[in-house]
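Trainee: Got a minute to go through this model with me? I'd like to start with a sheet and then move on to packing.

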Amino acid sequence: MRKKSILILLLFFCVNFVLMSQINTGEFPPSFYTQSEKSNQAIPIYQIEQPNLESLRIQDKADQAAGLKPWRFGALIPVTINLEEAGAWTDNNETGMSTWKLQIRATDAISINLNFEKFFLSDNAKLYFYNENYNDVLGAITSNNNKKDSLFSIRPIRGDLLTIELILPSKEIDQIEFELNELIYGYRNIHEKVQKVFNGSGNCNVNINCPDGKNWQDVKRSVALITTASNTRFCTGTLLNNVRQDTTPYFLSAAHCGIKNNSIFIFGYESANCTPSTDGGLSNSISGASPKAVSNSSQPDFHLFELSSRPPSSYNVFYSGWSANNVAVQQSTTIHHPTGDVKKISRNTDSLITSGYYDANGTTHWTVNNWEVGTTESGSSGAPLFDQNLRVIGQLHGGEAACGNNGQDYFGKFAESWNSNTTKSRQLKAWLDPDTTNVLVLDGLDPNPSNNNDDIQLLGIVGVPNYSCDTIIEPKINVRNKGNNQVDSIEISYQLDNNTVQTTHWTGRMLRNQVEQITIPSINISSGTHILGVEVSILPPTTFDQDTANNTSQFEFITNDQAIFVNLEIKTDDYGEETSWRINNSLGDKLFEEGPYINRNGGTIETNSLCLFSDCFDFILFDQFGDGFNGQFGNGYALITEANGDTLLFENSFTTAKKTINFCVSPITTIEESNKLRTSDLLAFPNPIKKNGLLSMKSKFQNSKNYSFDIIDASGRLRMTFDDEQVYLSENMTAGVYFLITKDSSGTQLNAQKLVVQ
């Protein structure tokens, strides 16, 4: 792809990976309680040479510029360390216990983490890892971490001196397998990135525990941060429910993340506060996973794993639901770890668009045109895309969204990954519906009981567009049973603006975690900005809802019943994938948006009929690369005309990342023009124009200086004459309807256009 700065793209690794699990007891080694042992005991030191940091940083800059790989913090160094050839043993004959210790010094390293190619602990062995200041401890690792392939790895430990301490009964020494083959020298501060603290990701990102995450407090527990490439890079993924609902730990991410047997899956890494951000914990980790299904090159970049262990109850995880229906939903959300940061939430309030990956004509992906809340970054790859029912409908493949960048993101469709490929190892269905029940929609599973027996949650209002020309709305609400008890009947109260509160009812059978969509009776509306408020409550035999804080929702929208249709024609340059646009009203509310478009030599022309009203608007052009659509790669333009052909806006000098042009729409459409003959390419804009405004004359294909112009009023009196491409209207021209006469170089009249002055 030409001139792209793609933040999240394909990631392939050519290294060997190892399987591990990292469930630990959280205790300290006995030596910590004896200060003399900590300070006086001589421990052998294994010295690691510093890698070529300059070369690593040059490569990191290249990766960042190209956007090809997630953020890297460490360099992998081969080592050979075992119990026989390194470290020192001490025996305690009174207790029958033996201790083996080794220190690893990696000069000036910010962190150290390790991969074992042989690992097996006896029943009573305890293994610890800690740094020089004793403020970063991992342990005790026990036999619960033994795997069939005898492989293991640990997370990064702060500092450049790492101590390994193994304690076990002397009689069990012969049962131990312990051989290190790789060390990761941390040359960038993973703890500034992974443990967040001070805005490691872009400042437009929103913490999951902010108000935008209110309805996602259960679902967020399914999303995990992943370390990949022998634990040197980051991605995101989610734990999935399956039709058997047996808590098999299936985990979905993106194929390009390169997740293998040595990846660590960290749950619950988030800021406790909305703002300011606080550090999160890394202790809830599962290490290692076996691949079940992965996409091929023609599929939407998915990878399904089964984690090496079920997350223990103390991790408090959630198994997300999903939908394999290929339906473009109106609202969507992603939860993710941008640049390995604490958990964030991003929200999109516009309908998804079917596409390919950077291919407007494809069908394998969902395109998010832009995020209304938050964004995504490197490290967000593999993050789940949820619909308004809290169900996974895709995973992040890549895109160009970033703070300050109105870029699109592409999520591989869950529906496409479901069974479009009949091979078991290339589809999700064989694993998530192993009994072939043909279920296409499944809600989430919480393996832990709810805090409340009776609790209805209103997830939100859907079915109402942000802006429309309709005079009737047909709202729908999504309701979830968060309580332990079944819900059989719900009362729904709704109110438009300050009108009378109306009520309707739902009856049925709603089990725990089940989501239902309920239709509210249609409502007549008038032009203007409206607020629809909804409240739900549980009806008898249940007498009260134990958590009423999640029972209400509001939705603000705009309608008009005096529609004025305008035509938008936009021509891209050769790289339509960079171009998008938006129309805002005078208050800054978004009414329409579209793009990106397909790449095509010579550009592509797209047309739209848009329903507007009498007002002034902002037309905003975006280019993801920052060079617009007028330059060395083609000559694009944007043209907005009224139904009778009058030009409201024409732009053919867009050479930046963003450009805003104001235009106005007038309800005056009945004035007869003096001459219907028009030059096909000459445009006058803006039209309508404000008094004393700057009137521009441009031609798509010719030099407009070949023409001269007269402005006459409705009585035929000449008010202005000019031959410049731009002119300010005369101060004595009051609001009203005028005619703009175009003449050629010989003075022959070519046409007359209506010109509305406001």
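**Sheets and cores**

Mentor: Sure. Keep in mind that this is a predicted model. Start with the open sheet of 4 strands, ordered β52-β51-β54-β55, with antiparallel pairing.

Trainee: Which are the edge strands there?

Mentor: β52 (718-722) and β55 (749-757). Each of them pairs on one side only. From one strand to the next, the twist averages 20°.

Trainee: How many bridges join β51 to β54?

Mentor: 6 bridges, between residues 708-713 and residues 736-743. Asp710 has Ile741 in β54 as its bridge partner.

Trainee: Next sheet. What is the order of the 5 strands in the open sheet with mixed pairing?

Mentor: β30-β38-β37-β33-β34. β30 (467-468) and β34 (502-510) each have a single partner strand, so one side of each lacks a neighbour in the sheet.

Trainee: And how do β37 and β38 pair?

Mentor: In the antiparallel sense, over 8 bridges. Gly528 sits opposite Thr559 in β38.

Trainee: Switching to packing. Which residues touch the most other members of the largest nonpolar core?

Mentor: That core has 37 residues. The ones you want are Ile104, Leu114, Leu127, Phe129, Ile164, Leu166 and Leu183. Elements giving two or more residues to this core include α2 (53-66), β4 (97-106) and β10 (161-169).

Trainee: What does Leu166 touch, leaving out residues up to four places away in sequence?

Mentor: Among its contacts are Trp89, Trp100, Leu127 and Ile176.

Trainee: What about a second core?

Mentor: A separate one has 30 residues, including Leu252, Phe386, Phe414 and Leu459.

Notes: Residues are numbered from 1 along each chain as its sequence is written. This is a predicted model: local features need pLDDT of at least 70, side-chain atom pairs count only at pLDDT 80 or more; totals for chains, interfaces and linings use all residues. Side-chain values use heavy atoms; hydrogens and water are left out. A nonpolar core is a set of buried Ala, Val, Leu, Ile, Met, Phe, Trp, Tyr and Cys residues joined through side-chain atoms within 4.5 Å. Buried means under 20% relative accessible area, exposed over 50%, partly exposed in between (1.4 Å probe, protein chains only). Contact means heavy atoms within 4.5 Å. Two strands pair if DSSP finds at least two bridges between them. Axes are lines fitted to C-alpha atoms, for helices over the stretch in contact, and angles run from 0 to 180 degrees between N-to-C directions.
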